[in-house]
Amino acid sequence: MGSGVQHALEQLKTTGVRITPQRHAILTYLMEAMNHPTADDIYRALEPKFPSMSVATVYNNLKMFMEAGMVRELTYGDNSSRFDANVSDHFHVICQICGKIEDFSYPSLHEVEHRAEQATGFKIKGLRMELYGVCQCCTE
């Protein structure tokens, strides 16, 4: 188990959240896979190990992780939410054919936030940027 998962579990424990085997498995899957899965993807991946777990259990835990600031919900035009355990500032590149999402970071975009504040007087709280294209697998 990675140190990120251990840290997240300790953080949950300090807030009084009970660490169930299902909760542990969902968090570990999200933090290790980093493939921006849907709740159904998570359910299908963990169902063999937890046959009595429901999709509702996955959704409820994802909601709790989001409230704890450990997971972000990504919503795009296809109406399916995807979940990202990387809550650091970063952006996404999305394949228009298969829907694959990859992270990328570009520090110069922080200057855009600064300039927007100067131009508008707004206090910028966040930036969401998505780039769309075709991934290498779909290009081949």
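In what order do the elements of the protein run from the N terminus on? They run α-α-α-α-β-β-β-β-α-β-α, and the legends below walk through this predicted model view by view.

**Figure 1. The whole protein, with its helices and strands.** Start here to get your bearings. The secondary structure comes to six helices and five strands. Measured out along its principal axes, the C-alpha trace spans about 50 × 45 × 25 Å. The protein has 140 residues, and 30% of them count as buried. Now think about which parts of the chain meet: among contacts with a separation of 6 or more, 46% come from residues 24 or more positions apart.

**Figure 2. The two domains and the place where they meet.** Here the protein is divided into domain 1, residues 3–84, and domain 2, residues 91–138. Their centres, taken over C-alpha atoms, are separated by 24 Å. How many residues does each domain bring to the contact? Domain 1 gives seven residues and domain 2 gives nine.

**Figure 3. Helix H4 from end to end.** This view follows residues 55–67, the 13 residues that form helix H4. From the first C-alpha to the last, H4 reaches 19 Å, which is close to the 18 Å expected at 1.5 Å a residue. Just past the helix, look for Gly69, which follows H4 and has a positive phi, near 80°.

**Figure 4. The buried and exposed faces of helix H4.** Which residues of H4 are buried? They are Val58, Asn61, Leu62, Met64 and Phe65. These residues cover an arc of only 160° around the axis, so they sit on the same side of H4. Turn your attention to the face away from that buried side, and you will find the exposed residues Asn60 and Glu67. What covers the buried residues of H4? The cover includes three helices, H1 (3–14), H2 (21–33) and H3 (39–46), together with strand E2 (81–84).

**Figure 5. Four cysteines that share a UniProt annotation.** In an unreviewed entry, UniProt places the feature "binding site" at Cys95, Cys98, Cys135 and Cys138. Why can these four be said to gather at one spot? They span 44 residues in sequence, yet no two of their C-alpha atoms are more than 8.2 Å apart, so they come together in one place.

**Figure 6. A closer look at Cys98 and Cys138.** Let us take two of the annotated cysteines in turn. Cys98 lies in the loop between strand E3 (91–95) and strand E4 (101–104). With a relative accessible area of 44%, Cys98 is partly exposed. Setting aside residues up to four places away in sequence, Cys98 touches Cys135 and Cys138. Where does Cys138 lie? Cys138 belongs to helix H6, residues 136–139. Its relative accessibility is 27%, so Cys138 counts as partly exposed too. Beyond its neighbours within four places in sequence, Cys138 is in contact with Cys95, Ile97 and Cys98.

**Figure 7. A salt bridge along helix H5.** The count for the protein comes to six salt bridges, and this view shows one of them, between the side chains of Glu111 and Arg115. The distance from N to O is 3.0 Å. How are the two partners placed in the helix? Glu111 and Arg115 are four residues apart in helix H5 (residues 109–120), so about one helical turn separates them. Glu111 is partly exposed at 39% relative accessibility, while Arg115 is exposed at 55%.

**Figure 8. Two further salt bridges.** One of these joins the side chains of Glu117 and Lys123, at 3.6 Å from N to O. Are these partners buried or exposed? Glu117 counts as partly exposed, with 22% relative accessibility, and Lys123 is exposed, with a relative accessible area of 60%. The other salt bridge brings together the side chains of Glu130 and Arg128, with 2.3 Å between N and O. Glu130 counts as partly exposed, at 23% relative accessibility.

Technical notes:
Residues numbered from 1 in each chain as written. Predicted model: local features only at pLDDT ≥ 70, side-chain atom pairs only at ≥ 80, totals over all residues. Heavy atoms only, no water. Helix = DSSP H or I, 4+ residues; strand = E, 2+ residues; numbered from the N terminus. Expected span 1.5 Å × (residues − 1). Buried < 20%, exposed > 50% of the residue type's maximum accessible area, 1.4 Å probe, protein only. Arc of directions from axis to C-beta. Contact = heavy atoms within 4.5 Å. UniProt positions renumbered as here; feature names shortened; annotations may be inferred. Salt bridge = Lys/Arg side-chain N within 4 Å of Asp/Glu carboxyl O. Domains from an automatic or database assignment.
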